Amino acid sequence: MDARAVATERCDYLLKLACSNWKKEPSLAKRYVTMARRLAMRHRVRLGSKRFCKKCGAPWIPGVSLRVRLSQKKALYICLGCNKVKAFPYSGK
Ligand SMILES: [Zn+2]
């Protein structure tokens, strides 16, 4: 197993921890997200764009820290930590 595989695993674990701690301790959860992002940057691991807020660092849990609204051709992801709205296009049928 190379360093990047370990980093990928650790990032997943950190984001999981962030999600499970969000309700109890938001500041701790945000710190986990920061750590995961830093680790991902160093090892060029992709975390995906829908797992946490890039603005405030809150882990996104649908219904808890994230609200999703669908409009014409995009999904609006509304972060409940900072109220930032991010639009993701999707192809409808
Ligand atoms: Zn946010």
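Hi everyone, let me start with one pair of residues: leucine 66 has cysteine 79, in S2, as its bridge partner. Please keep in mind that this is a predicted model.

That pair leads us to the strands. S1 and strand S2, residues 74-79, run antiparallel, and five bridges join them. Stepping back, what is the order of the strands in the open sheet? The order is S1-S2-S3, so to speak from one side to the other, with three strands and antiparallel pairing. Strand S1 (66-70) and strand S3 (85-89) are the edge strands, each pairing on one side only. If we ignore direction, neighbouring strands in this sheet are turned by 25° against each other on average.

Now for the helices. Helix H1 covers residues 3-21 and helix H2 covers residues 26-43. Their axes come within 8 Å and cross at roughly 165°. Because angles over 145 degrees count as roughly antiparallel, that crossing makes H1 roughly antiparallel to H2. As for handedness, H1 passes H2 in a left-handed crossing.

Which residues meet there? On the H1 side, they include Ala3, Ala7, Cys11, Leu14, Leu15 and Ala18, along with Arg4 and Arg10. On the H2 side, you will find Leu28, Tyr32, Val33, Met35 and Leu39 among them, and His43 as well. Taken together, the residues of the contact of H1 with H2 divide into 15 nonpolar, two polar and two charged.

That's my tour of the helix pair and the sheet. Thanks for listening, and I'm happy to go back to any part of it with you.

Terms used:
Residues numbered from 1 in each chain as written. Predicted model: local features only at pLDDT ≥ 70, side-chain atom pairs only at ≥ 80, totals over all residues. Axes fitted to C-alpha atoms, helices over the stretch in contact; angles between N-to-C directions. Helix = DSSP H or I, 4+ residues; strand = E, 2+ residues; numbered from the N terminus. Parallel < 35°, antiparallel > 145°, perpendicular 65-115°, else oblique. Left-handed = near helix turned anticlockwise from the far one by under 90°. Contact = placed C-beta atoms within 7 Å. Nonpolar A, V, L, I, M, F, W, Y, C, P; charged D, E, K, R; others polar. Pairing = 2+ DSSP bridges.
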